[in-house]
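Here are a few exercises to work through with the model open on your screen. Try each one yourself before reading the solution.

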Amino acid sequence: MAAPLKADYAFDTEDLESSAKIVKFAVLKKHQEQDAAQERELASFEETMLPHMDAAHNLARWLLRNEEDAQDVVQEAYLRAFKSFGGFHGSNGRAWLLTIVRNTSYTLLKKNRAVDLTTTFDEEIHASGHESVSPATLLERSEDADLVREAMDKLPVDFREILVLRHLEGLSYNEIADIAQIPPGTVMSRLARARGKLKECLAARIGKEK
Amino acid sequence: MNCKEATKLMDGYLDGELDPITSQTIEQHLRECHNCDQAYKTHGSLIRAIGNATPYFKAPAALRERIQSSLRQEIAKEPVRNVEDSPSLFSARPRWTRTVSFGTPWSGLALAAAIVFAAIITFNLMSRLQRPGNDQFLATQLIASHARSLMANHLTDVASSDQHTVKPWLDTKLDFAPPVVDLSSEGFPLIGGRLDYLDNRPVAALVYERRKHFINLFVWPASSDAATAPKTITRQGYQLLHWADSDFNYWAVSDVNANDLQTFKQQFETRTPHH
């Protein structure tokens, strides 16, 4: 009695489309359309976001201070960005991507290196001696990339972040506020403190050399 | 503005991020206060120098390839997004199989319900003849086939109003020789013929037209004891008319009205040689 049972059930639930051939055709066609749509989306994503890969890498590299981690984070950030690309309607692709890079970096820092988030200043910053460095010397030596990099790396992560966004990406205070997720009103004060500490840090290293 | 306020706003002024009025106030102060002016100039030069000297870590070329390949993997891994309602590639089975068996997390419950349901139906069917169920299933197939023939731009395999073209063509494709007649003079011009597959066998589909409507007449050999009284079924706006003679089963499917279909059957029967 299997046949009539099947027949009756089929009668109740099938419709015109349930012919296997038609369903298969429709499914295949739908999949092809979806594949094509995804290809288009990926192409659009890459066109919008790949130009900002240097910015993404630079930020991750400064936040993590480690090349391998930086590349992992940038790759992960691109995947996350692609998944939520449907929600991106703005024109500022770089700021949008950098926000994701920043968050992905912090996730990694929290997971693996919680200590980095609470890093206090290196002792040498508070060591005496940097007061004796003249502004002229400071200015002269601040053209030394290695020295600047060493000094920057001594700063806490939120200072490195704001300095990179302003000095290397030239972003506006509003963009920085969005990316760093702080109120726009605090961008200037944090930037001022970061610059102040960076100057101290540079002076300390120069003073130590003497 | 005093020196303390000016110092506080110095970075904003340096970065050009202050509103015009505050900027003017600072400019005014810097013109008047030599110390602040000097401090601002020193700070500005230093910040610019530091900014220029800060290394910019460009992405290595390999990272681009790595990202692009991981994006493509992502697409391959999740070929379908936001379309959970769409059937998977492998669900091209008839829909009832899915519904009854493994379509949902409720499959266990559904299966149990289906078994009970099946028992009831089986019992009911046993008390009747088997034919109605088969007819309903067949009717579904017939309507699907008819609708598909109109939908898919595949009404005919051989388009001809000449029965002497259509019949030989069908004869070569099938293991039987269906009767083909043109009923133009009766108002049902022959449009052509088509091969179809119904009731687990290849069948002939003859296509007739009636005032811009089409009639699919499905023909296949009758089983020995299949001769039954003519039968009409109306479903989904379609008329189905079934009859049989000693040789063939006939199913006419169309959206013409029931009377037209009856006329069609009578004309067809009159014109086909009786055995």
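**Exercise 1.** Is Lys212(B) buried or exposed, judging by the other C-beta atoms within 10 Å? Then take a look at its backbone and at Arg211(B).

*Solution.* Keep in mind that this is a predicted model.
- Step 1: count the neighbours. Lys212(B) has 6 other C-beta atoms within 10 Å. The cut-off for exposed is 12 or fewer, so Lys212(B) is exposed.
- Step 2: place the residue. Lys212(B) sits in the loop between S3 and S4 of chain B.
- Step 3: check phi. For Lys212(B) phi is positive, about 70°, even though this residue is not a glycine. For background, most residues other than glycine have a negative phi.
- Step 4: do the same for Arg211(B). Arg211(B) lies in the loop between strand S3 (201-210) and strand S4 (213-221) of chain B. Its phi is near 45°, again a positive value in a non-glycine residue. With 8 C-beta neighbours inside 10 Å, Arg211(B) counts as exposed.

**Exercise 2.** Work out how helix H10 (residues 157-168) of chain A and H12(A) cross, and which residues meet there.

*Solution.*
- Step 1: get the geometry. Two packed helices are described by the angle between their axes and the distance between the axes. Here the axes of H10(A) and H12(A) come within 9 Å and cross at roughly 100°.
- Step 2: name the arrangement. Angles of 65 to 115 degrees count as roughly perpendicular, and H10(A) and H12(A) are therefore roughly perpendicular to each other.
- Step 3: list the partners. From H10(A) come Phe159(A), Ile162(A), Leu163(A) and Arg166(A). Facing them in H12(A) are Arg190(A), Leu191(A), Ala194(A), Lys197(A) and Leu198(A).
- Step 4: sort them. The residues of this contact split into six nonpolar, no polar and three charged.

**Exercise 3.** Find the largest nonpolar core, and say which helix gives the largest share of its residues.

*Solution.*
- Step 1: size it up. The largest nonpolar core has 55 residues, and those with the most contacts inside it include Ala56(A), Leu59(A), Val74(A) and Leu198(A).
- Step 2: find the main contributor. Helix H12 (residues 184-209) of chain A supplies the largest share, 10 residues.
- Step 3: zoom in on one member. Leaving out residues up to four places away in sequence, Leu59(A) touches Leu98(A), Val101(A), Arg102(A) and Val164(A).
- Step 4: look for another core. A second, separate one has 37 residues, among them Phe218(B), Leu241(B), Tyr250(B) and Ala252(B).

**Exercise 4.** Set the make-up of chain A beside that of chain B.

*Solution.*
- Step 1: secondary structure. Chain A has 12 helices and zero strands, while chain B has 10 helices and seven strands.
- Step 2: burial. In chain A, 36% of the 210 residues count as buried; in chain B, buried residues make up 27% of 275.
- Step 3: contacts with a separation of 6 or more. Residues 24 or more positions apart account for 72% of these in chain A and for 49% in chain B.

**Exercise 5.** Where should you go easy on reading the coordinates of chain B?

*Solution.*
- Step 1: start with the average. Chain B has a mean pLDDT of 80, and 80% of its residues reach 70 or more.
- Step 2: find the extremes. Confidence in chain B is lowest in helix H6 (residues 95-100), with a mean of 38, and highest in helix H2 (residues 10-14), at 95.
- Step 3: mark the weak stretch. Over residues 80-104 of chain B, pLDDT stays under 50. Where pLDDT is low, the predicted coordinates should not be read in detail.

Methods:
Residues are numbered from 1 along each chain as its sequence is written. Chains are lettered from A and ligands numbered from 1 in the order in which they are written. This is a predicted model: local features need pLDDT of at least 70, side-chain atom pairs count only at pLDDT 80 or more; totals for chains, interfaces and linings use all residues. pLDDT is the predictor's confidence in each residue, from 0 to 100. Helices (H or I, at least four residues) and strands (E, at least two) are DSSP runs, numbered from the N terminus. Two residues are in contact if their C-beta atoms, placed from the backbone, lie within 7 Å. A nonpolar core is a set of buried Ala, Val, Leu, Ile, Met, Phe, Trp, Tyr and Cys residues joined through C-beta atoms within 7 Å. A residue is buried if 20 or more other C-beta atoms lie within 10 Å of its own, exposed if 12 or fewer, and partly exposed in between; C-beta atoms are placed from the backbone. Axes are lines fitted to C-alpha atoms, for helices over the stretch in contact, and angles run from 0 to 180 degrees between N-to-C directions. Angles under 35 degrees count as roughly parallel, over 145 as roughly antiparallel, 65 to 115 as roughly perpendicular and the rest as oblique. Ala, Val, Leu, Ile, Met, Phe, Trp, Tyr, Cys and Pro count as nonpolar, Asp, Glu, Lys and Arg as charged, and the others, Gly among them, as polar.
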